Amino acid sequence: MNTIKIKNVEIGKGIPKICIPLTGKNREEIIEEMEIVKKSNPDLIEWRVDFFEESDNPERVCEMLGTINDSFKQIPVLFTFRTKEEGGEKSIMSEDYVKLLKEVSERRLADIVDVQVFWYGEKSEDFIKELKETGAVVLASSHHFEGTPSVREMSDALYTMENRGADIVKLAVMPQSGKDVCALLEATMERKEHSNKPMITMSMGQSGMLSRICGELTGSCVTFASGKQASAPGQIKADELKKVLGDIHDILK
């Protein structure tokens, strides 16, 4: 697997990198949240702009993103608008989604930009190419809150996202049983054998927590932790996660 170095963080090598999401509804909440998150010293920051009350105002979004960048400096920032259809806070028209992501990328306000490949459809390949031309690293994502697809379907989804030009691919699913968690891990390890792109996978919820800590073994190179609050079910507090990942790394050495 190839690695990607963004600022001082090499994604795809060693201990899975910890990413903490910012989920504040307004500028004041986000600034308060940033101070809390800084204390955990994360490897990456994700701004979940779908939580932001002014997410329909590109200028306000860019202003807030500039503040986030200034605050975290050498920590890479992942920009994400998670749509209602894939478990986010809001619905958005596809043309507004494209406009927002292009605006952020062209202004070079985010190090990584999340693109919901299957939600956007066949045009996602051209869209990813456009974003990459601005210098942004593109993370292709797919979220299944209704259940867990088969091992083959998950492996195919990861392959498709990589094949459409993404730099990093991400798949999140919701388990209904322990077997579903094992299926996600199996699909991840299968793609690890054939993929040359950094990969992020997770099984959400309480029963899926195992998938958030075993990435160094399975090939998932980033794991999401909760800061002030979780952005998805099953996220572990950042400080606790860092200790567990360190312990597993020592065992695997």
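This passage looks at two helix pairs and the nonpolar cores of a predicted model.

Residues are numbered from 1 along each chain as its sequence is written, and side-chain values use heavy atoms, without hydrogens or water. Local features need pLDDT of at least 70 and side-chain atom pairs count only at pLDDT 80 or more, while totals for chains, interfaces and linings use all residues.

Consider helix α1 (residues 27-38) and helix α2 (residues 58-72), where helices are DSSP runs (H or I) of at least four residues, numbered from the N terminus. Their axes, lines fitted to C-alpha atoms over the stretch in contact, come within 11 Å and cross at roughly 20°, on a scale from 0 to 180 degrees between N-to-C directions. The two helices are therefore roughly parallel (an angle under 35 degrees). Contact (heavy atoms within 4.5 Å) involves residues including Ile30, Ile31 and Met34 of α1 and Met64, Thr67 and Ile68 of α2.

Ile68 turns up again in the largest nonpolar core, a set of buried Ala, Val, Leu, Ile, Met, Phe, Trp, Tyr and Cys residues joined through side-chain atoms within 4.5 Å. Buried here means under 20% relative accessible area, with a 1.4 Å probe and protein chains only. Of its 59 residues, Leu22, Trp47, Ile68, Phe79, Leu101 and Val115 touch the most other members. Helix α2 gives the most to this core, with 6 residues. Apart from it lies another core, of 19 residues, among them Ile4, Ile6, Cys19 and Val137.

Further along, helix α6 (residues 151-163) and helix α7 (residues 178-194) pack at about 45°, their axes 9 Å apart. Leu158 and Tyr159 are among the α6 residues that meet α7, whose partners include Ala183 and Leu184.

Notes. Parallel < 35°, antiparallel > 145°, perpendicular 65-115°, else oblique. Buried < 20%, exposed > 50% of the residue type's maximum accessible area, 1.4 Å probe, protein only.
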